[in-house]
Amino acid sequence: VGNSKGARYLPNRKTCAKQISQKDLSMATRVQFENNNEIGVFSRLTNAYCLVGIGGSENFYSVFESELSDHIPVVHCSIAGTRIVGRMCVGNSKGLLLPNTTTDQELMHIRNSLPDKVVVQVTGAT
């Protein structure tokens, strides 16, 4: 943070504590997919949707659904017959790109579950 003379200073803890109210703080939740902490491998989260790989525990799904389902769809799916949906696709709030190994059934399930504004495409065959 700078002042009018261009000098820089860092606020002290007391100043920061006054600026942060208790309601601004949120709790972190620990979640695992079958004893694996790498949940990004098994899920893809954007600000428009959340894909989660099938075959996880109810606890894994309930964490996503309790936090997100009021705001965005949480879709249980597989991609190319695998549970590693986070590694098998790329996407943002505008679109989702799936590999050409995605089955027609998986593609239709994902398309039907996502908001209409999200364009779902499959990569071309190589």
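Select Leu97 in strand S5 and Gln121 in strand S6: these two are bridge partners. Keep in mind as you click around that this is a predicted model.

**Stop 1: the S4-S5-S6 sheet**

Now widen the selection to residues 95–98, which make up strand S5; four bridges tie S5 to S6, and the two run parallel. One more pair to highlight here is Leu96, which stands opposite Val120 in S6. From S5, follow the chain through H5 and on to S6: you have just traced a right-handed β-α-β crossover.

H5 itself deserves its own colour. Select residues 104–113 and you'll see the helix lying across S5 and S6, with its direction at about 165° to S6.

Next, go back to Leu97 and look towards the other neighbour of S5. What is the bridge partner of Val90 in S5? That partner is Leu97, so you meet Leu97 again here, having already seen its pairing with Gln121 in S6. S4 and S5 are joined by two bridges and run antiparallel. Show the loop as well: three residues sit between S4 and S5, and the two strands form a hairpin.

Put these pieces together and you have an open sheet of three strands, ordered S4-S5-S6, with mixed pairing. Its edges are S4 (90–91) and S6 (119–122), each of which pairs on one side only.

**Stop 2: the S1-S2-S3 sheet**

Hide that sheet for a moment and select strands S1, S2 and S3. They form an open sheet in that order, and the pairing is mixed. At the edges are S1 (43–45) and S3 (74–77), with pairing on one side only for each. Turn the view to look along the sheet and you can follow the twist, which averages 20° from one strand to the next.

Which helix packs on this sheet? Select residues 58–68: that is H3, which touches S1, S2 and S3, and its direction makes about 170° with that of S2.

For the strand pairing, pick residues 50–53, strand S2, which pairs with S3 in the parallel sense over four bridges. A handy pair to label is Cys50 and its bridge partner in S3, Val74.

**Stop 3: Ile39**

Select Ile39 next; it lies in helix H2, residues 39–42. Is Ile39 buried, partly exposed or exposed? With a relative accessibility of 23%, Ile39 counts as partly exposed, because the buried class requires under 20%.

To see what surrounds Ile39, show the side chains of Val31, Gln32, Phe33, Phe60 and Phe64; these are its contacts once neighbours within four places in sequence are set aside. You can also draw a distance between the C-alpha atoms of Ile39 and Gly53: the separation is 9.8 Å, for residues 14 apart along the chain.

**Stop 4: the whole chain**

Zoom out and show everything as a cartoon. The protein chain has five helices and six strands, and going along the sequence they follow the pattern α-α-β-β-α-β-α-β-β-α-β.

Switch to a surface if you like. The chain exposes about 8900 Å², with carbon and sulfur atoms supplying 50% of that. Colour by burial and 30% of the 126 residues count as buried.

Finally, a contact map makes a good last panel. Take the contacts between residues at least 6 apart in sequence: 53% of them join residues at least 24 apart.

Notes:
Residues are numbered from 1 along each chain as its sequence is written. This is a predicted model: local features need pLDDT of at least 70, side-chain atom pairs count only at pLDDT 80 or more; totals for chains, interfaces and linings use all residues. Side-chain values use heavy atoms; hydrogens and water are left out. Two strands pair if DSSP finds at least two bridges between them. Contact means heavy atoms within 4.5 Å. Axes are lines fitted to C-alpha atoms, for helices over the stretch in contact, and angles run from 0 to 180 degrees between N-to-C directions. Buried means under 20% relative accessible area, exposed over 50%, partly exposed in between (1.4 Å probe, protein chains only). Accessible areas come from the Shrake-Rupley method with a 1.4 Å probe; for residues, only the protein chains shown count as cover. A crossover is right-handed if, with the strands pointing away from the viewer, the path from the first strand over the helix to the second runs clockwise.
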